[in-house]
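Biologist: I am new to this structure and would love a friendly tour. Could you take me through it step by step?

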Amino acid sequence: MSKANKKASTKTREQPFLSDIKTLRERARKHIEDGAVTAGYRADRDQVVKLLNEALATELVCILRYKRHYFMAAGINADAVAQEFLQHANEEQMHADQIAARIVQLKGEPNFDPEGLATRSHAEYVEGEDLVDMIKEDLVAERIAIDSYGEMIHYIGDDDITTRRMLETILAMEEEHADDLASLLEDLQKG
Ligand SMILES: [Fe+2]
Ligand SMILES: [Fe+2]
């Protein structure tokens, strides 16, 4: 290693990884009414809350669509498919709850207003004509969710790690949902 390089790498290592304890403690005492949001929070909080509210609307619309599909599923293959719809509806409910809780932690307000819900949502509410149609619509909605969660995760980056980790967990489950639906569709179209 050249002398210059060695100097540069030592310098990188010497960069303080954490603020010193005194600074951390002082910062934590200031603005305690901000709860979980500290001065070290680097993201644009309003923007994150806005994005999370769009994600919340998306989850709520997905719950409604899966519920409709669960109750309307009919035909020879309906039982297994209906159970899948119900399971997805319950998991979307879990996501909606997680997102709403995070919005409150960020000092925002979760928007559950039914007025404008479909417009705020990224995914659409489509009833579907038959079982295959329903599965296709759900698959489209999951693919939209996968893309929008991916974009949110990139936007947030390292600026709000807790929100990012929550979104990553949700994204992984949306991918499972899409995968389940693609398999169901394949089975139905074979049979
Ligand atoms: Fe979801
Ligand atoms: Fe999903």
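Modeller: Happy to; below we talk through a predicted model, by question and answer.

Biologist: Let's begin with the metals. Which residues are the protein donors of the iron ion (ligand 1), and how far from it do they lie?

Modeller: Glu59 gives two OE atoms, and Glu92 and Glu174 are also donors through OE. His95 joins them through ND1. Along the chain these donors follow the spacing E-x32-E-x2-H-x78-E. So that you have both parts of the reply, the donors of the iron ion (ligand 1) are Glu59, Glu92, His95 and Glu174, at 1.9 to 2.4 Å.

Biologist: And which residues are the donors of the iron ion (ligand 2)?

Modeller: Here Glu142 is the residue listed with two OE atoms. In sequence the donor residues are spaced E-x49-E-x31-E-x2-H. The donor atoms lie 2.0 to 2.3 Å from the ion, and the residues are Glu92, Glu142, Glu174 and His177.

Biologist: Which residue bridges the two iron ions, and how far apart are the ions?

Modeller: Look for a name that appears on both donor lists. Glu92 is among the donors of the iron ion (ligand 1), and Glu92 is also among those of the iron ion (ligand 2). The bridging residue is therefore Glu92, and the ions are 3.9 Å apart.

Biologist: How many residues apart in the chain are Glu92 and His177?

Modeller: For the iron ion (ligand 2), both residues are donors. The pair links distant parts of the chain, with Glu92 in helix H4 and His177 in helix H7, and the separation is 85 residues.

Biologist: Are Glu92, Glu174 and His177 buried or exposed?

Modeller: A residue counts as buried when its relative accessible area is under 20%. Glu92 has 1%, Glu174 has 1%, and His177 has 1% too. Each value falls under the cut-off, so Glu92, Glu174 and His177 are buried.

Biologist: Now for empty space. Which helix gives the most to the lining of the largest cavity?

Modeller: The cavity holds about 40 Å³ of space. Its lining consists of Thr58, Glu59, Cys62, Glu92, Ala141, Glu142, Ala145, Tyr149 and Glu174. Helix H3 (45–72) and helix H6 (131–156) each supply at least two of these residues. The most, 4 residues, comes from H6.

Biologist: How many charged residues does that lining have?

Modeller: Glu59, Glu92, Glu142 and Glu174 are in the lining, and Glu counts as charged. The rest of the division is 4 nonpolar and 1 polar, which leaves the charged count to name: 4.

Biologist: What about the largest pocket: how much space lies in it?

Modeller: This pocket is lined by 13 residues, and Gly40, Tyr41, Asp159, Asp160 and Ile161 lie nearest its centre. The lining divides into 5 nonpolar, 3 polar and 5 charged residues. The space in the pocket is about 300 Å³.

Biologist: How many aromatic pairs are there, and what kind is the pair of Tyr66 and Phe85?

Modeller: The count comes to 2 aromatic pairs. Tyr66 and Phe85 lie 6.2 Å centre to centre, with 40° between the planes. Tyr66 is in helix H3 and Phe85 in helix H4, so this pair ties together parts 19 residues apart in sequence. An angle under 30 degrees would be stacked and one over 60 edge-to-face, so the pair is tilted.

Biologist: What kind is the pair of Tyr70 and Phe71?

Modeller: The ring centres of Tyr70 and Phe71 are 4.8 Å apart. Their planes make an angle of 65°, and over 60 degrees is the cut-off, so the pair is edge-to-face.

Biologist: Is Phe71 buried or exposed?

Modeller: Its partner Tyr70, at 24% relative accessibility, counts as partly exposed. Phe71 has 62%, and the cut-off is over 50%, so Phe71 is exposed.

Biologist: Which residue lies over the face of Tyr66?

Modeller: Tyr66 is itself buried, as is Phe85. At 5.0 Å from the ring centre of Tyr66 lies Arg65.

Biologist: One last stop: what is the phi of Lys107?

Modeller: Most residues other than glycine have a negative phi. Lys107 sits in the loop between H4 and helix H5 (117–120), and at 45% relative accessibility Lys107 counts as partly exposed. Its phi is positive, near 65°.

Key:
Residues are numbered from 1 along each chain as its sequence is written. Chains are lettered from A and ligands numbered from 1 in the order in which they are written. This is a predicted model: local features need pLDDT of at least 70, side-chain atom pairs count only at pLDDT 80 or more; totals for chains, interfaces and linings use all residues. Side-chain values use heavy atoms; hydrogens and water are left out. On a 1 Å grid over the protein atoms alone, a cavity is a set of points where a 1.4 Å probe fits but cannot get out, and a pocket is an open set with protein on both sides within 12 Å along at least five of seven lines; lining residues have an atom within 4 Å of a point. Grid points are joined across faces, edges and corners, and a volume is the space filled by probe spheres set on the points. Helices (H or I, at least four residues) and strands (E, at least two) are DSSP runs, numbered from the N terminus. Donors are N, O and S atoms within 2.8 Å of the metal (3.2 Å for Na, K and Ca); water is not among the atoms, so sites may look incomplete. Buried means under 20% relative accessible area, exposed over 50%, partly exposed in between (1.4 Å probe, protein chains only). Rings of Phe, Tyr and Trp (its six-membered ring) pair if their centres lie within 6.5 Å; planes under 30 degrees apart count as stacked, over 60 as edge-to-face and the rest as tilted. A charge sits over a ring if NZ of Lys or CZ of Arg is within 6 Å of the ring centre and within 35 degrees of the ring normal.
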